[in-house]
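Here is my note on the model you sent round. The points are numbered so that you can reply to them one by one.

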Amino acid sequence: MRIQQALRRLAARGPSPWPVVSVYVNTRPVGTAMTTYRPFLKKRLAEELKSFKTRSPEHESLSVDAARVQHYLDYDLQESTRAVAVFACYGDGDLFDAVQVPIEFPEQRATVGPLAALYPLLRIADRNQCAAVLISDTHLARLFTVTLGAVEIRREVHNPALHKSKSAGDGDPSHTQRHVEEAWRHHAREAAQSLEELARDSAASWILIGGDEVIVPELLAALSAAARERLLGHFAWNILIPESELARAVDHEVAKRESMHRIARAGELVTSAPHAGALLGLAPVVEALLAGRASELFLSDGFPANAEAWACRACRSFGPGPAATACPVCGRSELQSVSLREELGAQALAHGAAVHFVAALSVPGFDSRGGVGAFTRYP
Ligand SMILES: [Zn+2]
């Protein structure tokens, strides 16, 4: 699931004179019910093939791609995969790239054009944060990492004092109670330490803690200051919570927090642009992307999917509006008509900028000024 690497590779290619196939399908676990994407994919690829002259090089390239995309989907899916994005262009350097993800795409699509259609994958990449999770009671701690709603790593920490506690009683109830509480505290410290190790090893963006009212305060007290900064919250999850239910709950909490963060950042763009390294609206953002000055691109989900742009294969400049015959920057006739939304995303990736999405109309001042903004590297 190397989403970011695949995105960068694909964005670096720029527009192609050959037909580039982009396929997004929701698959099912291998070995269960009939998959439902097949008829859809077959029909879409057949339609696209019809728009090219039979036996032309483009038609040939596209039919090779149609066959190998289907072959890949038939034979190369992993157990945890729920959806797949595949990009292919035999005619242009034999491109073939695929990303398998554990969550479904909002819609299935298969398109052919000069650019790999990266938008749905960019949206998933923006949600691709790892969360380190600890659920504990006084006896056992379960640790997980959750990314895109799927559990990736599992660990357990047992309270070693538990087995000794029966013989620990010496007839004085308050002494026994103190001993038990000390054992809980010790367990909490070990569990918190394991959590921090796990968060470090997996480069987790968030930390979540679950448990009852006895253990949670002990766990929180045992966390380092650095870990507390990444603490998303603590929850009354039971130690026996099924893994799939936990993964869903964690995904929900992370998505909610990340979405709030995006809204706050878009709000910052609205209040500070055009100052302090903040740009708002299409024209200044295009200029910053072309100059390689953007560090983060923000797009509203309400940004029109069908807005048109021109992109130059020779000098990689682009701009909104239909393609003219010659490039206004380099003068060569290598312009292609592309989707503006796709090109903004691809240009940001190609220049090393992060791409974030803001829920439509969640920041009205953002949508009303084009639904696009950026923070720059050199304010
Ligand atoms: Zn040009």
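**Notes on the fold and its packing**

1. Start with the contact of helix 1 with helix 11. From helix 1 come Leu7, Arg8 and Ala11; they meet Ala346, Leu349 and Ala350 of helix 11. By class, the residues of this contact are five nonpolar, no polar and one charged. Helix 1 spans residues 3-11, and its axis lies 8 Å from that of helix 11, at an angle of about 105°. The two helices are therefore roughly perpendicular.

2. Now the overall frame. Keep in mind that this is a predicted model. The protein chain carries 12 helices and 16 strands. Along the principal axes, its C-alpha atoms fill a box of roughly 95 × 55 × 30 Å. The chain has 379 residues, and 38% of them count as buried. Of the contacts with a separation of 6 or more, 69% are between residues 24 or more positions apart.

3. Helix 11 also has a sheet to look at. Three strands form an open sheet in the order 13-12-14, with antiparallel pairing. Its edges are strand 13 and strand 14 (335-339), each of which pairs on one side only. From one strand to the next, the twist averages 25°. Helix 11 packs on this sheet and touches strand 12, strand 13 and strand 14. Its direction makes about 100° with that of strand 14.

4. One pairing within that sheet deserves a check by eye. Strand 12 (residues 308-312) pairs with strand 13 in the antiparallel sense, over three bridges. Which residue of strand 13 is the bridge partner of Ala311? The partner is Phe318.

5. Helix 10 covers residues 282-290, and its buried residues are Leu282, Val285, Val286, Ala288 and Leu289. Why do they line one face of the helix? Seen down the helix axis, they fall within an arc of 165°, so they share a face. The general rule behind such patterns is that an α-helix has 3.6 residues a turn, so residues three or four places apart point the same way.

6. What covers that face of helix 10? The cover of the buried residues includes strand 10 (278-280), strand 11 (294-300) and strand 13 (318-320). It also includes helix 11 (340-350) and strand 16 (372-376). After helix 10 comes Gly292, with a positive phi near 70°.

7. Strand 11 leads on to strand 15. The two run parallel and are joined by five bridges. Leu299 has Phe357 of strand 15 as its bridge partner. Strand 15 (residues 354-358) is mostly covered, with four of its five residues buried.

8. Next, the five-stranded sheet. This open sheet has the order 7-6-5-8-9 and mixed pairing. Strand 7 (150-158) and strand 9 (231-235) are the edge strands, and each pairs on one side only. Direction ignored, neighbouring strands are turned by 15° against each other on average.

9. Inside this sheet, strand 5 (residues 130-136) and strand 6 (residues 140-147) run antiparallel, joined by seven bridges. Ser136 stands opposite Ala141 in strand 6. Helix 7 (residues 215-222) lies across strand 5, strand 8 (206-211) and strand 9. With strand 8, helix 7 makes an angle of about 150°.

10. A second helix pair is worth setting beside the one in point 1. Helix 2 (residues 37-50) packs on helix 3 (residues 57-75) at about 170°, with the axes 10 Å apart. Angles over 145 degrees count as roughly antiparallel, so that is the label for helix 2 against helix 3. Leu45, Glu48 and Leu49 of helix 2 meet His59, Leu62, Ser63 and Ala66 of helix 3. The residues of this contact divide into four nonpolar, two polar and one charged.

11. Last, strand 4. Which residues make up its covered face, and which its uncovered one? In strand 4 (residues 109-113), Ala110 and Val112 are on the covered face. Arg109, Thr111 and Gly113 are on the uncovered face. Strand 1 (residues 20-26) pairs with strand 4 over five bridges, in the antiparallel sense. Val112, from the covered face, is the bridge partner of Val21.

Methods. Residues numbered from 1 in each chain as written. Predicted model: local features only at pLDDT ≥ 70, side-chain atom pairs only at ≥ 80, totals over all residues. Buried ≥ 20, exposed ≤ 12 C-beta atoms within 10 Å, placed from the backbone. Contact = placed C-beta atoms within 7 Å. Pairing = 2+ DSSP bridges. Arc of directions from axis to C-beta. Axes fitted to C-alpha atoms, helices over the stretch in contact; angles between N-to-C directions. Parallel < 35°, antiparallel > 145°, perpendicular 65-115°, else oblique. Nonpolar A, V, L, I, M, F, W, Y, C, P; charged D, E, K, R; others polar.
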